[in-house]
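Please walk through this protein with the model open beside the text, beginning with the overall fold and then turning to a few local features of the backbone and the side chains.

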Amino acid sequence: MDLKLKLISFLLISGYIFLLIVTFIYNNSLESDFRELSSSLLENNKYATLVDSKGHFIVSNQQKYEAWIDLEYMKRRGKYDENKYILNRKFGDEELQNKKFIKWGSYNSYEEAYLSLGVLNKFSRIYPVTERLYNELFTLGQVTGKFGKTVYGIEPFLFESGALQNNEEIILSIDLKMQQIAYEELMKTVIEESAEGGIVIIMETSTGKIRASVSIYPWNIGYMGYIEPGSTLKPLLVALAIDENIITPNDRYYSGYEYYPTGKNNFRVTESQGYGFGEIGLKETLVYSSNVAITKIMKQVLEEFSNVWLYEKLLNLGFGNKTGIEFKGEINGVLPSPNNWYEITPYQIALGQGIGVTPIQLVASFNALANNGKYVSPTFLEKKEVKSKQIFSETSSNLVKDWLAYTVINGTARKAYKEGLKLAGKTGTAQKAQSGIGYVEGSYYSLFSGFIPATNPQYTALVIIDNPQKEYYGGEVAAPILTNIFYRYYKDSEYVDNKNKIVFYEGIMPDLTDFSVVEAVNVLLNLGIDSKNIIITGNGDRIITQSKDPFTSLKESDIIYLHTLK
């Protein structure tokens, strides 16, 4: 009997030791594999949150739980074929091939991840990670970019400078309300005109802070592309010529049917209206956008100064080099060296042709006219002290600023006039060019660069419509957009006064985190979600997570889970 008892005890102890060894090998092997995963594949860095100038969310961090499966370990244990049908629910064979680890999913809670894995848990690990949550409404995504995912934008720039890693919060200069209005007005015109795209950039005149930047394109040409500035360059050239005493405010020019500035037939200048204006002054040159008069002014420039001098002045205006704004991917634009200029190149430049400027360069240089001749570097940071330099005299910039107010009253931008808004600016219509082809007949950029109020500007802005199909003159298409933006923005004073106002958008899932259950349900009901599709879990009184990510598309048929905890 004693022998039998000893034998049973020996077998039990041996079995227990065997299980301990197997468990140790099992867990140690799996743990070793997942140490490799956590050091190589997981990204769990918590970077600075980005908010707009009034503290509203643009980019934030969100706690998530990632479930990862160790496929190699599953194969070593001889369990791969047994579990392959489960894996195939989410992944095709080609996705599983030659993979050591595979991400099963990302979840709002540990419990959610655990339940989703089911029997795969023994081959898996669940990791708490920090994910970046982006507000991509109103083309904000084209401005912010995404660190590690895009080669452009504010966030990649801030990472490279170290600011993203070393701050808890970064306040951007963007005003989300102005961004929304600019987007809506621009999009409306792009649709109405069947245009290929559009740009709006709005800068605070005295500080250089970018308050809105909208790009209705697959990519952001505001910083990464260039255009010919067309007639929006004329006011800058007039201010420059006055400062250099090449012309005086009282000079007058004859605008006839045609003009040949070189004295040859190699370059013919006509007025876009198809007729001359007769004898006009500098004010009328800008108000009517006279091509003949600005070309005659350029001829006077060349009688006193060289091409090199003109080139250096254009550089000083901010063309040909990056502005230095906090946007990775910004380009220099195109300003050819004077060694490569032809005889007609300066006259082309007078008409805003032959050079390529980025929209951010153009709005920053134009802003100097509104800012008493002082150029301020554009910035996306609310708390940054920007560099400035005097590029025009205060006298010449104020003269030109006054003249530009008349373009909205009785000049080329009359459609931008609205009672109560004192807007000033310059229209432009630039024919589009294609590499190897030259200028394309019937294809234009419509531009308006302006500031408001006209007498003591608070904002300077640029509007570009790419190849509108109905009207193509800047005064007809682009200028009214700016009027509509500021009319709506100033009218909505309640938003400006109330910094804590929360705005919800139809068709967009809101962030309901930390809302009371009653508040969250009411918000969803007001957005059109049926009460039977709103499911509350837990027994708490505040929302801690939600099944649908904020700022994603929301349909009335969606079922929304709101999770609470006591």
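**A guided reading of the model**

Ser289 sits in the loop that runs between α11 (282–287) and α12 (291–304), and it is a useful place to begin in what is a predicted model. The phi angle of Ser289 is positive, at about 55°, although the residue is not a glycine. With a relative accessible area of 8%, Ser289 counts as buried, because that value falls under 20%.

A second residue invites comparison on the same two points, backbone angle and exposure. Asn98 is likewise a residue other than glycine with a positive phi, in this case near 60°, and it is placed in the loop between α4 (93–96) and β3 (101–107). Is Asn98 buried or exposed? The relative accessible area of Asn98 is 74%, and the residue is therefore exposed, the cut-off for that class being over 50%.

These loops belong to a protein whose secondary structure comprises 20 helices and 19 strands. Of its 566 residues, 52% count as buried, while the protein exposes about 26,900 Å², of which carbon and sulfur atoms supply 50%. Among the contacts with a separation of 6 or more, 70% are made by residues 24 or more positions apart in the protein.

Another loop, the one between α9 (221–224) and α10 (234–243), contains Glu228. Glu228 has a relative accessible area of 16% and is buried, since this lies under 20%. Which backbone atom does the side chain of Glu228 reach? It is the backbone nitrogen of Gly354, at 3.1 Å from the side chain of Glu228.

The helix α10, which bounds that loop, can next be followed to its packing against another helix. Two packed helices are described by the angle between their axes together with the distance between those axes. For α10 and helix α15 (residues 359–370), the axes come within 10 Å and cross at roughly 50°, which means that α10 is oblique to α15. The contact involves Pro235, Leu236 and Ala239 on the α10 side, and Ser365, Phe366 and Leu369 on the α15 side. The crossing of α10 and α15 is left-handed.

A last backbone feature concerns a peptide bond. Ile452 and Pro453 are joined by a cis peptide bond, with omega at about -10°. Pro453 itself is located in the loop between β15 (438–452) and β16 (459–466).

Methods. Residues are numbered from 1 along each chain as its sequence is written. This is a predicted model: local features need pLDDT of at least 70, side-chain atom pairs count only at pLDDT 80 or more; totals for chains, interfaces and linings use all residues. Side-chain values use heavy atoms; hydrogens and water are left out. Helices (H or I, at least four residues) and strands (E, at least two) are DSSP runs, numbered from the N terminus. Buried means under 20% relative accessible area, exposed over 50%, partly exposed in between (1.4 Å probe, protein chains only). Contact means heavy atoms within 4.5 Å. Accessible areas come from the Shrake-Rupley method with a 1.4 Å probe; for residues, only the protein chains shown count as cover. A polar contact is a pair of N or O atoms within 3.5 Å; within protein, one must be able to donate a hydrogen and the other to accept it, and residues adjacent in sequence count only if both atoms are side-chain atoms. Axes are lines fitted to C-alpha atoms, for helices over the stretch in contact, and angles run from 0 to 180 degrees between N-to-C directions. Angles under 35 degrees count as roughly parallel, over 145 as roughly antiparallel, 65 to 115 as roughly perpendicular and the rest as oblique. A crossing is left-handed if the near helix is turned anticlockwise from the far one by less than a right angle, and right-handed if clockwise.
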